Amino acid sequence: MDALDVFRVLRQRWKLTALLLAGLVLLLAAVAFAVPQQYRGTSLTMVLRQYGGQDRNPFAAVDRSQGQAAVVVIAVLNSQQTRRELAAQGGTASLEVSNEGGGVSTTDSPFITVIATGTSEAAVRKTGQLAMQRIKDELKRRQDTLLVPVEQQLTLNEVLSPNEITTTRAAQLRALGLTAGIGLIAVILTVVLVDRRGNRPKPAGPEPKPSPRKRLQDSDAEVTEHIHRDQVPDVDPQERQ
């Protein structure tokens with residue numbers, strides 16, 4: 001069955017198709033109501049080198065050490081242990097930490113991007129703030145452990161604050177798209193199956209038994225025919241000639 005046949009079946013069974021589509025619309029409305037809108041907070045920070053004097057600009061020189069430090073800190077933030085610690089402190093929103101940003105290779109990127117997503121604006125803001133503070137503490141702690149002089153330590157420069165919260169309906173759209181796709185397939189299959197079952201030839205049933213009166217009439221007819229055959233005289237073949 002090709003697409004044209006399916007369309008023909010849907011048009012012939014338009015009442016059933018309309019009923020199923022109406023049910024699908026109600027289901028989509030229920031899904032949109034059940035899946036709430038989400039809040040998203042995006043924070044961006046940059047790992048910088050410290051320079052002494054007034055003639056040195058830290059933004060003018062970016063080397064691999066900054067990108068490597070960003071990768072190390074991101075790995076710590078993405079660990080399960082750190083996520084549990086942040087959740088215990090109130091960071092219950094979903095968290096994504098990566099070094100994508102700045103338009104450079106992620107392996108050398110000094111940028112650290114933190115995206116917090118959740119159903120509560122307060123939880124998103126709290127999670128973003130905790131993650132940014134943990135990044136600062138982790139970078140500082142590791143350099144102190146290695147006895148790096150303060151004037152040579154890497155620092156963080158905040159590009160985007162975690163306090164900027166926006167609303168997003170990405171989860172709703174994903175749920176609606178998935179439900180609509182599966183629902184349309186279910187509607188088409190249901191209509192096609194109903195049409196095939198309705199057009200299926202019915203099996204021939206057993207022949208009805210004759211009534212007692214009919215059997216008596218047939219028996220009388222057989223007897224009468226037998227009598228007529230017996231009354232017909234035999235004719236000699238020579239007489240026929």
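**Helix 3 and its partner, helix 5**

Let's start with what sits over the buried residues of helix 3 in this predicted model: the cover includes strand 1 (38–49), helix 4 (80–88), strand 2 (94–98), strand 3 (111–118), helix 5 and strand 4 (154–160). The residues being covered are Gln-66, Gly-67, Ala-69, Ala-70, Val-73, Ile-74, Val-76 and Leu-77. As for the helix itself, its 14 residues should span 20 Å at 1.5 Å a residue, and that agrees with the 20 Å between its end C-alpha atoms.

Now pick out helix 5 from that list of neighbours. It runs over residues 121–145, and here too the length checks out: 25 residues at 1.5 Å each should give a span of 36 Å, and the end C-alpha atoms are 36 Å apart. Its buried residues are Ala-123, Val-124, Thr-127, Gly-128, Leu-130, Ala-131, Met-132, Arg-134, Ile-135, Glu-138, Leu-139 and Gln-143. Just past the end of helix 5, have a look at Leu-147, which takes a positive phi of about 60°.

So how do the two helices meet? The axes of helix 3 (residues 64–77) and helix 5 come within 10 Å and cross at roughly 125°. That angle falls between 115 and 145 degrees, so the pair counts as oblique. The crossing is right-handed.

On the helix 3 side, the contact uses Ala-69, Val-72, Val-73, Val-76 and Leu-77; facing them from helix 5 are Ala-131, Arg-134, Ile-135, Glu-138, Leu-139 and Arg-142. Sorted by class, that makes eight nonpolar residues, three charged and no polar ones. Arg-134 and Glu-138 of helix 5 take part in this contact and are also among the buried residues of that helix.

Terms used: Residues numbered from 1 in each chain as written. Predicted model: local features only at pLDDT ≥ 70, side-chain atom pairs only at ≥ 80, totals over all residues. Heavy atoms only, no water. Helix = DSSP H or I, 4+ residues; strand = E, 2+ residues; numbered from the N terminus. Expected span 1.5 Å × (residues − 1). Buried < 20%, exposed > 50% of the residue type's maximum accessible area, 1.4 Å probe, protein only. Axes fitted to C-alpha atoms, helices over the stretch in contact; angles between N-to-C directions. Parallel < 35°, antiparallel > 145°, perpendicular 65-115°, else oblique. Left-handed = near helix turned anticlockwise from the far one by under 90°. Contact = heavy atoms within 4.5 Å. Nonpolar A, V, L, I, M, F, W, Y, C, P; charged D, E, K, R; others polar.
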